[in-house]
Amino acid sequence: MSAVPDPGGTDASRPGAQGYAADWARAVRRLGFVPMSTEETERLLLTHTVRLAQALLAEEFSAAPAEEVGRALVEAHLTEPRILDWSVRALGEQLPRRVLPSDDLPPDLPVRVAALQGGLAAGFGRALRDRTFSQQERIARSAWQARDSVERALRDSEARFRAVFTGAVIGIGIAGIDGQIIDVNQSFADMLGYTPEELRQTNVSSLFHPDDAAGMWEMYQELIEGKHDSVRVEKRYYRKDGSIVLTDLAVSLIRHDDGRPRFTVAMIEDITQRYELQQRLRFQALHDPLTGLPNRTLFFERLGQVFADAGPEQRIGVCFLDLDGFKAVNDSLGHDLGDRLLVTIARRLSDCVIGQGHLVARMGGDEFVILVNGGEGIDDAVGVAELALAAVAAPVLVGDHQLAVSASVGVVECPASETSVSELMKAADTTLYWAKAEGRGRWAVYDPERSAADIARSALAAGLPAALDRGEFVVHYQPIVSLLDGSMLAVEALVRWAHPERGLVGPDRFIGLAEETGLIVRLGEWVLRQACRDARAWHREFPEAKLVVSVNLAARQADDPAIVDTVASALSRSGLPAELLQLELTESAVMGTAGEPLRSLYRLADLGVRLAIDDFGTGYSNLAYLRRLPIHCLKLAGPFVEGIRGDGDDPSPDHRDERIVDALVRLAHALELSVTAEAVETGEQAERLRALRCDTGQGRWFGPPAPADQITARLRGGTGAGPDGGEVAG
């Protein structure tokens, strides 16, 4: 944390610790007697100001410095109650604004301020009480002991005691060992609403609150039996009008010379207002100031208590809710209307589930969480989620705007013994993300297997950059064969990840992650360069084969302004003729190109590189636009080819798919494009595609993806992968 700034000077109009201390000193001198000079008072209060500011900024927060400041005020004889009132209010309203640095405030500043206010009041009260108690008890004991030694001293002592007894601001009462009140001062009587005469006819037992009467009598019995010389407790009493006063009670036992209990002296302080202040401060610390709902601190406190009290069979459920599109409401209508919307949603959530004993809390922003109480299974938790979604979904009228709001809910329910607070909330957050991803306005239930898959997927994504740096990727090549004579005309470069722990990982596991993280551009460039190097090696050894290598371009690569330079560099460094390189782009990527991406396609074609549309037929083709693109080849999507497979119980193909393939082949040929059929798995498919005048085929029937050396073996006329789908030797 930053140090507390202090621009110096005592001008109250300026920010800083000295200005604040000067204001404090002026208020102190105005509100009560101060036994110090102005300079001494300011120096003292400057020290206390710095301590309070440092406490607010401390990395490990504690309210103890505020209690010490409160005690120090009493020790400096600044005991006027109005001084305490001013000090507490100024601590909350002025000190953070005037003394603390605005750019480095702790996120829980309001909670810290509230805790320091309570600590200051508590330290002041305790110090004042302790000083009074110490003085009164010492005087009282002196009075009773002096009575047996010197009569004159006894009379003087009794006079002093009577003066203290009568004028003390705290209540003092004397009672026999049977509990019958012998005498009380006026403060005691005023505190309970009786006259001193009425109390002298009363037994203390009739004043006890019933909830703690038994414990009080047990404590009192131990006191008069001599087990304790004094006791001190916080105790409730009934006033004469039936109301309750909370007190700080200290009871001392006065003995005879022989040690027998003689009577008790009780000193009692009314702490009702202090207690109510502490309760208000606690409520503010544990509740959201906007909605009034419990905040995340209270939620985790309750959740931790549920885990602590849970039996071996008890189940626990949580519904984690987030409003859909709330940022758009704030951005379009303003934060004021957004806050009013949150208040309405909070009230609805509370009304719909609080009757069932569930806790609803605001976690922050537009996130709410429901702790399901007493659920017996996932159905109960889902029922709560559906109630919450229904409550949120009703239209909300905010000002002049009627808003339609939806929410997503992550539901987690399991035995308490199988999880922990952190694991439960992590699962709820994950499940909420699933609900958002599945379309919003719905709930999703936590699935451990799906979570494990997500974690594994995240681990793969995190490991991609390092894997590329370490050279863990390899390229396999799948033959593209002429359907006319069975010769291998091209190969498609397909990347694999040789993971050190998971083995050979297919592209379906990591290509999507590479696209999400933006690594696809680097990875695609590496695949392109490696494929060009391998193709150049084949061209040197088998120039008559004129084997084309086909490399996939992701949408991000195609949109990259540097793609033409990247391809040209790969060709130049490898020495591969441009006509032996084919770049495959998806249909949706090609059809969406315009501006610079479209110019890039023409520049690539000008290099002499072949361009192909991959998975043709799965997108929304603009045929007129397709005619204008510099495309050389269409690769038919696998589902159409699968539809013309005749095998199993039904040897007949799907004639609809066959007619579609026929139409696509005719269209491509009309546009002077060659056609490659993907996913050719059987000889029957190959025969039908040949009959439909499809140019080339690719799939397991012609050979699976294989390392470069196996393609080399096939070119050399080795056993290789043939039209029976056998493995390539090598």
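User: How are helices α19 and α21 oriented relative to each other?

Analyst: In this predicted model, α19 and α21 (residues 563-574) pack with their axes 9 Å apart and at an angle of about 30°. Angles under 35 degrees count as roughly parallel, and therefore the orientation of α19 and α21 is roughly parallel.

User: Which handedness does the crossing of α19 and α21 have, and which residues of α19 make the contact?

Analyst: Where α19 passes α21, the crossing is right-handed. On the α21 side the contact involves Thr566, Val567, Ser569, Ala570, Leu571, Arg573 and Ser574, and on the α19 side it is made by Glu525, Leu528, Arg529, Cys532, Arg533 and Arg536.

User: Which helix gives the largest share of the largest nonpolar core?

Analyst: The largest nonpolar core has 79 residues, among which Tyr477, Val549, Leu581 and Leu583 touch the most other members. Eight residues of this core, its largest share, come from residues 520-541, which form helix α19.

User: Which residue of α19 that takes part in the contact with α21 is also in contact with leucine 583?

Analyst: Beyond its neighbours within four places in sequence, leucine 583 is in contact with residues including Val551, Leu553, Val567, Leu604 and Leu528. On the α19 side, the contact with α21 includes Leu528, and the residue asked for is Leu528.

User: What percentage of the residues in the chain is buried?

Analyst: The chain has 28 helices and 21 strands. Among contacts between residues at least 6 apart in sequence, 63% join residues at least 24 apart. Of the 730 residues in the chain, the buried ones make up 48%.

How values were computed:
Residues are numbered from 1 along each chain as its sequence is written. This is a predicted model: local features need pLDDT of at least 70, side-chain atom pairs count only at pLDDT 80 or more; totals for chains, interfaces and linings use all residues. Side-chain values use heavy atoms; hydrogens and water are left out. A nonpolar core is a set of buried Ala, Val, Leu, Ile, Met, Phe, Trp, Tyr and Cys residues joined through side-chain atoms within 4.5 Å. Buried means under 20% relative accessible area, exposed over 50%, partly exposed in between (1.4 Å probe, protein chains only). Helices (H or I, at least four residues) and strands (E, at least two) are DSSP runs, numbered from the N terminus. Contact means heavy atoms within 4.5 Å. Axes are lines fitted to C-alpha atoms, for helices over the stretch in contact, and angles run from 0 to 180 degrees between N-to-C directions. Angles under 35 degrees count as roughly parallel, over 145 as roughly antiparallel, 65 to 115 as roughly perpendicular and the rest as oblique. A crossing is left-handed if the near helix is turned anticlockwise from the far one by less than a right angle, and right-handed if clockwise.
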